[in-house]
Amino acid sequence: MLSRRSIVLVAAVLAASWSQASARSQTRPGGYILERDADVAKSEPGTHKGGGETIGYSFFAKAQGLKMVFRKRALKPGSGIGYHEQKEDEIYYVLSGRGVMTVDGKSFDVTPGTAVLTRPGSSHGLKQAGNEDLVIMINYEQQPK
């Protein structure tokens, strides 16, 4: 049978090790989430009533506390993102294909390597052009829900 002194000593050692482990877990940075196209791909109509067929890739949509949105979208021939008002800064980056973007009534061609920053209060839409999919990355900061 353990003496009272042994029990107190064991309890103190356990409490100290738990406290150290807890402090390490609270101060140690790190961790990551890995997602691949095939895991998040979802067939969807063109957003904002843009029409046609698109494939949306909403990366890290279930990540707790993540404010940044990181999306990829493949716009099939004839599809688009409907003209809509912008609520926050949003970046479009063209990976492949061709399209026509309209911002505040002005239309221009977008091709691979084109980056467009749309600002709050502006309006924009995007239409796929040509025979191949228009593949874009979209980034913006989420509004609190």
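## A friendly look at a predicted protein chain

The protein chain exposes about 10,000 Å², and carbon and sulfur atoms supply 55% of that area; accessible areas come from the Shrake-Rupley method with a 1.4 Å probe, and for residues only the protein chains shown count as cover. The model is predicted, so local features need pLDDT of at least 70 and side-chain atom pairs count only at pLDDT 80 or more, while totals for chains, interfaces and linings use all residues. Residues are numbered from 1 along each chain as its sequence is written, and side-chain values use heavy atoms, with hydrogens and water left out.

**The overall layout**

The chain has 2 helices and 10 strands. Helices (H or I, at least four residues) and strands (E, at least two) are DSSP runs, numbered from the N terminus. Reading from that end, the order is α-α-β-β-β-β-β-β-β-β-β-β. Of the 145 residues, 31% are buried. Here buried means under 20% relative accessible area, exposed means over 50%, and partly exposed lies in between (1.4 Å probe, protein chains only). Among contacts with a separation of 6 or more, 60% join residues 24 or more positions apart, where a contact means heavy atoms within 4.5 Å.

**Glu90 and a pocket**

Glu90 sits in strand E5, which covers residues 90–96. Glu90 is buried but has no salt bridge, and the nearest side chain of opposite charge, Arg71, is 6.6 Å away. For charges, Lys and Arg count as positive and Asp and Glu as negative, with His and the chain ends not counted. A salt bridge is a side-chain nitrogen of Lys or Arg within 4 Å of a carboxyl oxygen of Asp or Glu. Leaving aside residues up to four places away in sequence, Glu90 touches His84, Val116, Leu117, Thr118, His124, Ile138, Asn139 and Tyr140.

Glu90 also helps to line the second largest pocket: of its 14 lining residues, His48, His84, Glu90, Tyr92 and Tyr140 lie nearest the centre. A pocket is found on a 1 Å grid over the protein atoms alone, as an open set of points where a 1.4 Å probe fits, with protein on both sides within 12 Å along at least five of seven lines; lining residues have an atom within 4 Å of a point. This pocket holds about 220 Å³ of space, a volume being the space filled by probe spheres set on points joined across faces, edges and corners. Strands E3 (68–75), E4 (80–85), E5 and E10 (134–141) each supply at least two lining residues, and E4 gives the largest share, 3 residues.

**Salt bridges across the chain**

How many salt bridges does a search of the whole structure find? The search finds 4, including these:

| Pair | Closest N to O distance |
|---|---|
| Asp37 and Lys72 | 2.6 Å |
| Asp133 and Lys76 | 3.0 Å |
| Arg119 and Asp89 | 2.5 Å |

Arg119, in the loop between strand E8 (115–118) and E9, and Asp89, in the loop between E4 and E5, are 30 residues apart. Arg119 counts as partly exposed because its relative accessibility is 47%, and Asp89 is partly exposed at 34%.

The salt bridge between Asp37 and Lys72 links distant parts of the chain, with Asp37 in helix H2 (residues 37–40) and Lys72 in strand E3, 35 residues apart. Asp37 is partly exposed at 30% relative accessibility, whereas Lys72 counts as buried at 18%.
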